[in-house]
Amino acid sequence: MTPADWPEVAEIYRQGIEDGEATFETRVPSWQDFDAARLSDPRVVAVDDGGRVLGWAAAAPVSAREAYRGVVEHSVYVLRAARGRGVGRLLLSAFVDAAEAAGVWTIQASVFPENAASLRLHEAAGFRIVGRRERIARSAAGPHAGTWRDTVLIERRSARNGIR
Ligand SMILES: CC(C)(COP(=O)(O)OP(=O)(O)OC[C@H]1O[C@@H](n2cnc3c(N)ncnc32)[C@H](O)[C@@H]1OP(=O)(O)O)[C@@H](O)C(=O)NCCC(=O)NCCS
């Protein structure tokens with residue numbers, strides 16, 4: 001992902017927010033805020049043959065503490081018109097490879113239990129369910145505005161990095 005990809009990345013993020021099953025976030029940040037809050041590596045986009053961005057994946061550190069330097073929380077978003085065609089699977093696979101190469105040992109995410117596509121995608125990529133967090137936060141906008149929602153905490157432990 002380069003700064004030039006941002007308009008397309010932002011639109012894909014906007015669609016995910018609008019659909020209401022991806023995140024508690026209510027608006028797309030500026031490139032500066034997006035970039036500052038996330039690691040530069042791993043960070044990937046999927047592009048089609050014509051160079052159009054079809055999806056992206058990026059991660060933020062879960063903690064500033066040194067001991068947690070290999071633990072990240074990620075997001076993966078695919079363009080609405082490109083979903084259900086294997087783009088997410090390719091993207092997540094590339095993202096996991098990049099995370100492994102960068103020394104990450106745990107990738108985690110919080111997924112709404114209603115997000116069947118995300119749960120299936122992550123299960124297939126070796127993520128496990130840690131647990132369900134009941135009514136963890138309240139949706140502030142979109143189709144679930146005002147509703148306290150559960151999330152499912154998932155994680156993928158690296159066989160290569162960290163404890164063996
Ligand atoms: C979740 C998301 C990234 C998946 O990407 P995708 O390109 O649509 O997924 P893929 O086509 O690679 O499919 C991955 C797996 O999920 C399954 N799947 C896809 N859409 C599905 C759906 N609507 N319901 C159930 N399973 C679904 C696929 O069958 C596939 O599993 P399989 O290989 O066992 O058949 C995409 O739907 C998306 O961007 N959603 C909006 C943003 C979002 O929710 N991001 C995740 C936040 S946690």
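Begin by selecting arginine 80 in this predicted model. Arginine 80 is partly exposed, with a relative accessible area of 35%, and 35% falls between the 20% limit for buried and the 50% limit for exposed. Its partner for the next selection is glutamate 18, with which arginine 80 forms a salt bridge; the closest N and O atoms are 2.7 Å apart. Glutamate 18 belongs to helix α1, residues 6–19, whereas arginine 80 lies in the loop between β3 (71–78) and α3 (87–101), so the salt bridge ties together parts that are 62 residues apart in sequence. Glutamate 18 is likewise partly exposed, at 44% relative accessibility.

Which residues are linked with Glu18 and Arg80 in a network of salt bridges? Add Glu11, Arg14, Asp19 and Arg83 to the selection; together with Glu18 and Arg80 they make up the network. The count of salt bridges in the model comes to 13.

**The loop after β3**

Remain in the loop between β3 and α3 and select leucine 79, which is also found there. Is leucine 79 buried or exposed? Its relative accessibility is 7%, so leucine 79 counts as buried, the limit for that class being under 20%. For a distance across this region, select phenylalanine 95 as well: 16 residues separate leucine 79 and phenylalanine 95 along the chain, and their C-alpha atoms are 17 Å apart.

**The ligand and its shell**

Select the ligand next, and then the residues around it. How many residues surround the ligand? There are 18, and the closest are Val78, Gly86, Gly88, Arg89 and Arg120. The shell draws at least two residues from each of β3, α3 and α4 (116–124). Of these elements, color α4 separately, as α4 gives the most to the shell, with 5 residues.

Three contacts to oxygen atoms of the ligand can be displayed in turn.

- Glycine 88: a backbone N or O atom of this residue lies 2.7 Å from a ligand oxygen.
- Arginine 89: here a polar side-chain atom is 2.5 Å from an oxygen atom of the ligand.
- Asparagine 115: an N or O atom in the side chain is 2.7 Å from a ligand oxygen.

With these contacts in view, switch to a surface representation. On its own the ligand has 930 Å² of accessible area, of which the protein covers 73%. If pockets are displayed, the largest pocket is the space taken by the ligand.

**From helix α2 to strand β1**

Move to helix α2, residues 31–37, and select phenylalanine 34 within it. Phenylalanine 34 has a relative accessible area of 0% and is buried. Then add tryptophan 6: the two residues are 28 positions apart along the chain, and 9.6 Å separates their C-alpha atoms.

Aspartate 35 is the next selection, together with arginine 43. Their side chains meet in a salt bridge, with an N to O distance of 2.8 Å. The two partners can be compared by accessibility: arginine 43 is buried, with a relative accessible area of 10%, whereas aspartate 35 is partly exposed at 32%.

Now select aspartate 41 and proline 42. What kind of peptide bond joins aspartate 41 and proline 42? The bond is cis, with omega at about 5°. Proline 42 is placed in the loop between α2 and β1 (43–47).

**Strands β5 and β6**

For the last part of the tour, select arginine 128 and glutamate 155, whose side chains meet in a salt bridge at 3.2 Å, N to O. Why does this pair tie together parts that are 27 residues apart in sequence? Arginine 128 lies in strand β5, residues 128–138, and glutamate 155 in strand β6, residues 148–157, so the salt bridge spans the two strands. Arginine 128 is partly exposed, with a relative accessible area of 46%, while glutamate 155, at 15% relative accessibility, counts as buried.

Finish on arginine 135, also found in strand β5. Display its backbone: arginine 135 is not a glycine, although its phi is positive, at about 45°. Arginine 135 is exposed, with a relative accessible area of 52%, just as the limit of over 50% requires.

Note on methods: Residues numbered from 1 in each chain as written. Predicted model: local features only at pLDDT ≥ 70, side-chain atom pairs only at ≥ 80, totals over all residues. Heavy atoms only, no water. Salt bridge = Lys/Arg side-chain N within 4 Å of Asp/Glu carboxyl O. Helix = DSSP H or I, 4+ residues; strand = E, 2+ residues; numbered from the N terminus. Buried < 20%, exposed > 50% of the residue type's maximum accessible area, 1.4 Å probe, protein only. Near = heavy atom within 4 Å. Polar contact = N/O pair within 3.5 Å; in protein donor to acceptor, adjacent residues only side chain to side chain. Areas by Shrake-Rupley, 256 points an atom, 1.4 Å probe, with all protein chains shown as cover. 1 Å grid on protein atoms, 1.4 Å probe; cavity = no way out; pocket = protein on both sides within 12 Å on 5 of 7 lines; lining within 4 Å. Sits in = over half its atoms within 2 Å of the grid points.
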